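Colleague: I would be grateful for a close look at a single strand of this model, with attention to its burial and its strand partners.

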Amino acid sequence: MGTGPGAGEKGNVPVQTVRQNLYAQLPERSEAAMSGDPAQTSERVAIVAITKHGTVLARTLRDKMPGADLYYMEKFATGDEADKGIHLFTGSVRLILPDLFQRYDGLVIFISLGAVVRMIAPLLKDKKTDPAVVVVDDRAEHAISVLSGHLGGANALTRRVASLLGARPVITTASDVQQTIAVDLFGRDFGWEIENFDKVTPVSAAVVNEERIAVVQESGERNWWTYDKPLPSHIRVYRSAAEAIEAGFDAALVVTHRLLTEEEERALLTNGVLYRPKVIVLGIGCNRGTPMEEIEHVVLETLAELRLSVRSVRNLASIDLKKDEPGLNALSEKYGWPLIVYTPEELNTVPLPHPSEVVYRYTGAYGVSEPAALLSAGAETWLMEKKKSGNVTISVAVVPHQPMEAGVR
């Protein structure tokens with residue numbers, strides 16, 4: 001039996017009818033960026049089949065991926081679809097694919113590779129937003145990563161599907177095949193943000209072509225090399241921008257929480273990607289009723305003064321008396337910064353060079369912003385101990401991370 005988009009079909013139904021019937025059943029696609037394997041996260045995965053054998057395999061896979069939704073042709077119904085929440089369709093799968101493409105984060109399709117490529121080609125938009133697409137043949141001999149291998153999680157989803165079906169995973173992404181740094185995924189498991197995505201493609205090419213790569217890491221998690229082998233010799237890790245610039249390189253991966261100087265930007269980012277690790281903790285104290293705008297102004301002003309990136313802020317920290325402070329909670333929600341609070345007793349475990357009797361009388365703690373910042377960051381000292389501005393007191397600490405283990409450089 002053929003495996004093209006119209007194989008074995010009795011005829012097509014009007015596209016509008018198909019879309020109207022399915023549209024009401026489909027969940028909204030998550031706006032959050034994909035993180036790893038869609039089958040292992042809260043992201044939505046659809047499994048689609050159009051042949052008899054493909055349907056059997058798709059049902060088997062769905063049983064092993066209970067969070068996934070299953071779609072196959074009505075003529076292969078077995079009678080338990082309603083009880084199991086399985087979606088049936090008639091006509092060409094080409095008619096429902098646009099809606100599936102928009103509403104799911106990953107698609108596992110039991111159709112021939114060529115047919116899938118032709119059907120999804122008009123739907124492609126951007127590697128940062130297109131869903132993961134995995135194709136499985138009619139005998140489950142191969143699971144093929146087709147689209148959004150890295151950012152969409154198709155490579156991870158391919159490995160997962162292949163493992164569940166006993167198939168061979170087919171992944172052609174150069175960094176995966178070579179077991180080297182995937183520039184577009186570097187640090188993503190830790191929450192790092194890429195500031196200049198336009199440089200990802202040329203820097204990726206430099207990595208897989210084994211040009212001289214400088215990893216400039218001034219902060220952030222150090223355990224990013226996960227392969228069971230040493231770091232390739234053409235990749236060198238440097239602790240500072242100055243060290244890397246002096247040594248020379250062809251492309252750079254720069255991991256830092258600070259704002260680069262113009263000279264550093266020219267030297268490092270002409271062919272370099274800038275990553276912002278989540279390492280800055282802002283200890284905040286404020287008078288009751290301080291508006292969000294005032295707290296925000298002090299935060300942004302302080303970050304600018306210290307030449308720190310707002311993208312590297314991990315969280316806010318304060319005393320538990322402030323857990324319901326409207327201004328702090330509004331700032332937390334606006335920027336997606338969790339607000340971590342501590343009891344006075346916890347705050348008083350941190351030795352302070354300038355304990356305040358006044359603060360103690362009002363809160364039971366000898367300080368708020370300073371100890372909260374250190375406790376939350378797990379740091380021994382501050383980047384900025386304390387600044388008082390209007391109704392706000394702010395302290396800044398940086399999350400320390402252990403150096404990479406010996407031998408990976």
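Modeller: A residue is termed buried here when its relative accessible area is under 20%. The model is a predicted one, and the strand chosen is S11, residues 251-255. Five of the five residues of S11 are buried, so the strand is largely enclosed by the rest of the structure. The burial holds for both directions in which the residues point: Ala251, Leu253 and Val255 point one way from S11, Ala252 and Val254 point the other way, and all are buried.

The strand partners come next. Strand S9, which comprises residues 213-217, runs parallel to S11 and is joined to it by five bridges. In this pairing, Val215 stands opposite Leu253 of S11. Strand S12, residues 272-276, also runs parallel to S11, and four bridges join the two. Here Leu253 stands opposite Val273 of S12. Leu253 thus has a place in each description: it is buried, it faces Val215, and it faces Val273.

The connection from S11 to S12 passes through helix H10, residues 262-269, and this β-α-β crossover is right-handed.

For a helical element of the same model, helix H2 (residues 52-64) may be considered. Its 13 residues should span 18 Å at 1.5 Å a residue, and the end C-alpha atoms are 19 Å apart, which agrees. The buried residues of H2 include Gly54, Leu57, Ala58 and Leu61. The elements against which the buried residues of H2 pack include strands S1 (45-49), S2 (69-73) and S4 (106-110), together with helices H3 (81-84) and H6 (154-165).

How values were computed:
Residues are numbered from 1 along each chain as its sequence is written. This is a predicted model: local features need pLDDT of at least 70, side-chain atom pairs count only at pLDDT 80 or more; totals for chains, interfaces and linings use all residues. Side-chain values use heavy atoms; hydrogens and water are left out. The expected span of a helix is 1.5 Å times one less than its number of residues. Buried means under 20% relative accessible area, exposed over 50%, partly exposed in between (1.4 Å probe, protein chains only). Contact means heavy atoms within 4.5 Å. Two strands pair if DSSP finds at least two bridges between them. A crossover is right-handed if, with the strands pointing away from the viewer, the path from the first strand over the helix to the second runs clockwise.
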